[in-house]
Structures are given as structure tokens and as C-alpha cells.
Amino acid sequence: METAPTKRSTWIALLALTLAALVVRLWGIGYGAPIWEEPDPDIIAHVDQLRGDPVLSTVDAPEQQYPHLLARLAQLLPRRPPAQGDGAPTTLDGHLKAAAWTHVQVRALVALLSCATIPLVFALARRFVAERFALLAALLAATSLLHEHFAQQGRPHGAAVTFFAWTLLACIDVAQRGRWRDFANAGLASALTLATIQSGLAVLLAGLAAWWIAAARERAALPRITLPIALVAVGVVVFYPYYFDGSAGVQDPARHVDESQVLLRFGEHMILRSEFDGSGLRVLALSLWNYEPVLCLLLVLAVIVALFHFRPRSASAAARVVLAFVVPYSLVSCAYGMTFERFALPLLPAFAVFAAWGLERSFAALRRGAARRAASAALLVLLTLPAAACLKLAWLRSRPDTLDLAAQFVAAETASTAWVQPPLDLPLARQRAPRPGGLFTPWARWQSAAGGVSTLNEARDLRWLLPKPEQRAELDSYLRSLGPGLVVLERFEVRTEHVERAALRSALQRVGELAATFSPDPDPRRTELEFFFQLSDHFNADAHWEHPHFTRRLLSARAIGCVVEVWRLPEVVQPR
């Protein structure tokens with residue numbers, strides 16, 4: 001379908017929307033690091049590895065977790081300052097910034113690439129709807145809380161959305177025109193999608209559907225399909241070198257599985273037959289509802305409209321190409337038992353376009369101008385919710401998190417020693433550099449590599465709270481033996497998955513005094529669930545736990561992080 005030329009004012013609005021989204025995604029981009037970091041920070045560690053810098057992230061074999069495109073791009077950015085010697089930081093803030101250097105770089109790269117999704121969604125939507133509704137689809141992508149959430153992480157999922165959208169658009173061109181340059185564009189986009197994330201394999205289904213449609217219309221001779229195949233093959237060889245150098249068999253040593261159950265391996269990733277139990281549907285549904293409530297409502301409307309207006313046999317070539325990816329990918333994600341909220345991201349461009357299509361058809365059904373004006377006003381009010389949520393998330397990430405607040409409290413106390421329960425850490429300089437067995441965080445690893453941090457005037461006596469096995473049987477006595485000081489830990493009171501942490505907190509209730517609580521919520525007793533990275537961990541691991549709605553909690557939150565408690569230990573009374 002040929003589309004009418006897009007107005008200049010629409011291009012200006014699209015550019016403004018994209019730039020605004022980029023500003024929001026870069027706002028607060030350094031949150032958390034280097035005290036805590038996103039799950040699977042392998043790209044960050046891989047970049048350090050490629051540069052020959054100290055690897056600060058706590059991962060093994062980072063070069064096998066993801067394809068190498070993003071790591072290779074980030075490697076080209078300026079290296080972090082050295083930990084020691086000439087050019088090394090001389091202040092606490094300088095050391096913290098240096099320790100977070102690669103985290104911030106990779107996140108910024110992901111944020112930049114992810115924002116290209118917005119104009120691509122507009123271009124994709126123009127194949128189905130008029131330009132004002134295509135601009136609405138772009139707005140839904142720009143104000144997607146799920147998209148922003150991952151665009152600010154040093155993982156590939158936010159950037160991958162851009163390549164998924166590009167590939168779908170390129171494959172539509174193959175189906176509709178079938179020129180050599182269309183096949184080249186589709187091959188390049190497919191190769192880069194696979195070079196960004198392993199699930200990019202699914203988008204090849206759209207390419208196959210596009211070639212089939214083009215071939216049926218005699219627009220694609222057999223030699224043309226060899227071009228995208230060759231580009232994808234080159235991409236696999238270049239960006240998945242661990243499949244060809246004999247190292248791809250490295251697996252998580254803590255994960256023992258029946259080899260007969262292994263369906264597929266992707267470097268460190270492993271997919272088992274037994275994991276397809278249908279529970280992914282619940283995770284995807286909960287994730288979309290928690291992050292994208294407005295988009296969910298619009299998708300429901302679009303489904304209702306489609307029941308009346310969409311006929312598969314008369315579907316356009318563009319619709320068939322998109323469905324060739326969306327339907328199989330959705331079915332597999334819903335069936336897979338290890339699905340996470342990030343699995344919904346590749347579907348975001350199609351969902352935004354589908355929602356815009358449903359709205360266009362719905363507005364067309366409204367005969368009276370007053371009804372259309374009322375519907376437009378209601379839609380505008382609805383769209384303020386995701387926009388406000390995106391702004392609030394970026395604002396919170398630009399402010400001190402709960403561990404920052406706890407560190408401020410500890411620094412102001414007169415107690416000489418503070419005991420921190422790992423994997424928590426505080427953005428304070430340690431008087432004693434962490435030993436090899438205590439490198440639980442990037443900040444601890446940096447302090448171990450940088451000998452000068454402990455000499456700073458503001459260095460504190462921070463120690464890990466790690467009772468030995470024999471001390472866990474007598475936690476009250478163990479805590480009393482620590483003498484006067486402070487204990488910093490995450491609240492585990494109701495959750496049962498960390499028995500030892502809950503037991504330690506119970507012992508503190510008997511022998512210590514709660515000095516301060518730092519919660520993401522105005523009411524510290526509302527929930528002990530952290531408010532940070534990966535909501536679907538809890539959907540998968542503890543279905544019994546009551547989860548506050550993510551967007552609603554975000555709008556009322558005052559910080560990000562976990563619920564941190566600071567306890568005061570009394571001075572040991574020596575027997576007379």
C-alpha cells in the first residue's frame with residue numbers, strides 16, 4: 001500500500017517526540033551504579049574485558065551471555081580512568097564515577113539506540129494507518145514505561161526493540177516491492193537484530209513470510225533470497241564467535257540439568273523441554289498490565305475492533321509479514337515457563353501499531369463531531385498516565401536511592417563500625433580494602449583494585465556481615481560479639497525465599513535497636529518488595545506474594561531501591 005506524503009509538521013513533531021524521549025531516557029542514567037547493577041551485566045563486563053580494564057561486574061564468561069555487537073560498539077568509547085597511578089581519581093566522588101564508568105557508557109549507548117524505535121514505529125504504522133494515528137503509535141512507544149525501564153539498563157533488550165522494528169519494516173518492503181535493495185535492507189536489519197540479542201532469531205520468520213509473498217507475486221527471483229541469508233550468516237560468525245572457538249559449552253556450574261531435557265543452547269543460555277508449562281502467559285499479562293495499563297486497554301479495544309473488521313484471508317501483505325513474527329513469538333513466550341517482562345519488548349512496535357489501528361477504526365465509527373471530540377479528550381487524558389510514569393521513573397533514578405540515603409545516615413553517625421549484609425553495599429570509602437572473598441559489588445571490586453580509596457579522609461570502617469556456619473546457630477551471641485556499631489540490611493520479614501536473612505533480622509530485633517528505615521514508598525510498612533530492576537523475578541519465583549501494581553507504586557514512590565534498615569548494636573557489657 002502506497003502511503004501519502006507525510007506533512008512537514010508531522011516530521012517536526014516526530015523529531016521533537018524522539019528527542020524528548022532520549023532526554024528522559026538519559027536522565028538519571030547512572031542510577032544504582034556502582035553499588036548495585038542490573039541483572040546479567042555481561043555486556044558491561046565484556047566491554048571491560050575487551051579494553052583490558054578490571055572487570056567489576058560479578059559475572060563469569062561475560063563474552064558468552066549476549067552477541068557481541070553492543071560490546072564492540074561500547075568498546076570504542078573512552079576508557080575509564082585508571083584505578084591507580086597517574087590520572088587516577090583523588091576524591092570519593094571521582095572513584096564512584098570511575099567505578100560506574102562502563103555501566104553508564106553501555107546504558108547511554110542502549111538508550112540512544114532504543115530511541116530510534118520511535119521513528120521506526122511511526123514508519124511501520126504508516127503502512128496501516130493515517131499519519132496522525134501513526135504519530136499516536138510513535139507516542140505510545142515514546143511513553144512506554146517498559147521500554148524506558150530497559151532503555152536505561154546495560155542490557156541489550158531496549159536497543160533490540162529498534163532492530164526488531166527495523167526488520168519488520170524492511171520485510172514489509174520485501175513483500176510489497178521485492179527489489180534487490182529491499183532484500184539487502186531486510187538482511188542487514190535481520191543480521192543486526194541477531195547481533196544484538198538471541199531472540200532476534202524469531203524475526204527471521206517475518207523475512208521468510210516476506211520472501212514467500214514476494215515470490216508468489218513474481219517479485220523475487222531465487223538469487224535475491226541468498227543476499228539476506230548471506231548477511232545473517234556473516235552476522236552470526238562475527239558476533240557469535242563463541243560458537244566457533246570451542247568455548248560455547250561453558251554453562252552455569254550451579255545449574256545441574258538432565259541433558260536429555262536440553263532443547264536449545266545459546267552460549268550460557270539453556271532452554272529445557274520441561275520449562276514449557278504455559279506459565280509465561282501469566283508473566284506477560286502481568287508485566288504488560290503493570291508497566292503498560294493504558295496500552296493494555298487500547299489493545300483490548302483493538303482486539304474488539306479486529307473481531308468485526310479484520311479478515312485473515314483479505315489481510316494485506318504488511319499485516320501478514322508482521323503476524324508471521326508476532327503470532328509464533330507470542331505463542332512461544334506464553335508457553336515458556338522462564339518468561340520475563342523483557343520478553344514483551346520485541347512485541348512493542350506491533351502492539352503500538354495495532355493500538356493505533358484500533359483507535360483509527362473506532363474514531364471512524366463515530367459519526368458525530370461531538371463524540372469524536374469527547375473521545376479525543378478522553379484519549380488525551382489517558383495518555384498523560386504513561387507520560388507521567390516515564391517522567392517519574394527518570395526523576396527517581398536521578399535522585400538518591402535507598403542505599404544512598406542509608407549511606408548518608410551511616411556517615412552522620414558516630415558509631416565506629418558499620419556491618420553491611422551482602423549483596424548490599426554503601427557508596428562510602430572503606431578503611432580496609434575488601435578481600436578477594438568479599439568482592440560482592442562493582443564498588444567493592446573497584447576499591448580492591450584502587451589502593452588509594454582507603455586513604456581518603458572520609459573512609460569508614462565498613463565490614464561485611466557474614467556469620468560463619470557455626471555462628472548461624474547462635475545469631476544472638478554472634479551479633480552481641482560485634483560490639484557497638486551499625487548493621488545495614490534489606491528487610492526480609494514476610495518473604496520466605498531467604499531464610500538466613502530473615503533469621504538474622506529476627507535476631508537483630510532481640511539484641512539491637514532499629515535506628516532508621518529507608519523505603520521506596522512513603523509508608524515503609526506498605527511492602528518489603530524492592531523497587532528496582534526486574535519485577536518478573538517475583539512473578540516467576542513467589543506467586544504467593546502480593547505485588548503492588550508497578551505503575552501505581554511508581555507514581556507514589558519517593559525513591560528506588562530495596563527496603564533498607566539500619567540497626568544499632570549495643571556496646572558489649574563485660575562481665576565483672
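A residue is buried when its relative accessible area is under 20%, exposed when over 50%, and partly exposed in between (1.4 Å probe, protein chains only). The model is predicted: local features need pLDDT of at least 70, side-chain atom pairs count only at pLDDT 80 or more, and totals for chains, interfaces and linings use all residues. Residues are numbered from 1 along each chain as its sequence is written, and side-chain values use heavy atoms, without hydrogens and water.

**Exercise 1.** State what share of the residues in the chain is buried, and why the chain counts as compact.

Solution.
1. Of the 576 residues in the chain, 55% are buried.
2. The secondary structure consists of 24 helices and seven strands, taken as DSSP runs (H or I, at least four residues; E, at least two) numbered from the N terminus.
3. The radius of gyration is 26 Å, close to the 25 Å from the globule rule for 576 residues, so the chain is as compact as a globular protein of that length. The radius is taken over C-alpha atoms, and the rule is 2.2 Å times the number of residues to the power 0.38.
4. The C-alpha trace spans about 95 × 60 × 50 Å along its principal axes.
5. Among contacts (heavy atoms within 4.5 Å) with a separation of 6 or more, 78% are between residues 24 or more positions apart.

**Exercise 2.** Describe the aromatic pair of Phe276 and Tyr336.

Solution.
1. Rings of Phe, Tyr and Trp (its six-membered ring) pair if their centres lie within 6.5 Å; planes under 30 degrees apart are stacked, over 60 edge-to-face, and the rest tilted.
2. The count under this rule is 18 aromatic pairs.
3. Phe276 and Tyr336 form a tilted pair, 5.1 Å centre to centre with 45° between the planes.
4. This pair links distant parts of the chain, 60 residues apart: Phe276 is in the loop between strand E2 (269–272) and helix H13 (280–291), and Tyr336 in the loop between helix H15 (317–335) and helix H16 (348–365).
5. Phe276 is partly exposed because its relative accessibility is 33%; Tyr336, at 10%, is buried.
6. Ring pairs join Phe276, Tyr336, Phe340 and Phe343 in a cluster.

**Exercise 3.** Locate the cis peptide bond from Ala33 to Pro34 and the positive phi of Asp40.

Solution.
1. The Ala33 to Pro34 bond is cis, with omega near 5°.
2. Pro34 lies in the loop between helix H1 (8–26) and helix H2 (42–51).
3. Asp40 is also placed in the loop between H1 and H2. Its phi is near 55°, positive in a residue other than glycine.
4. With a relative accessible area of 26%, Asp40 is partly exposed.
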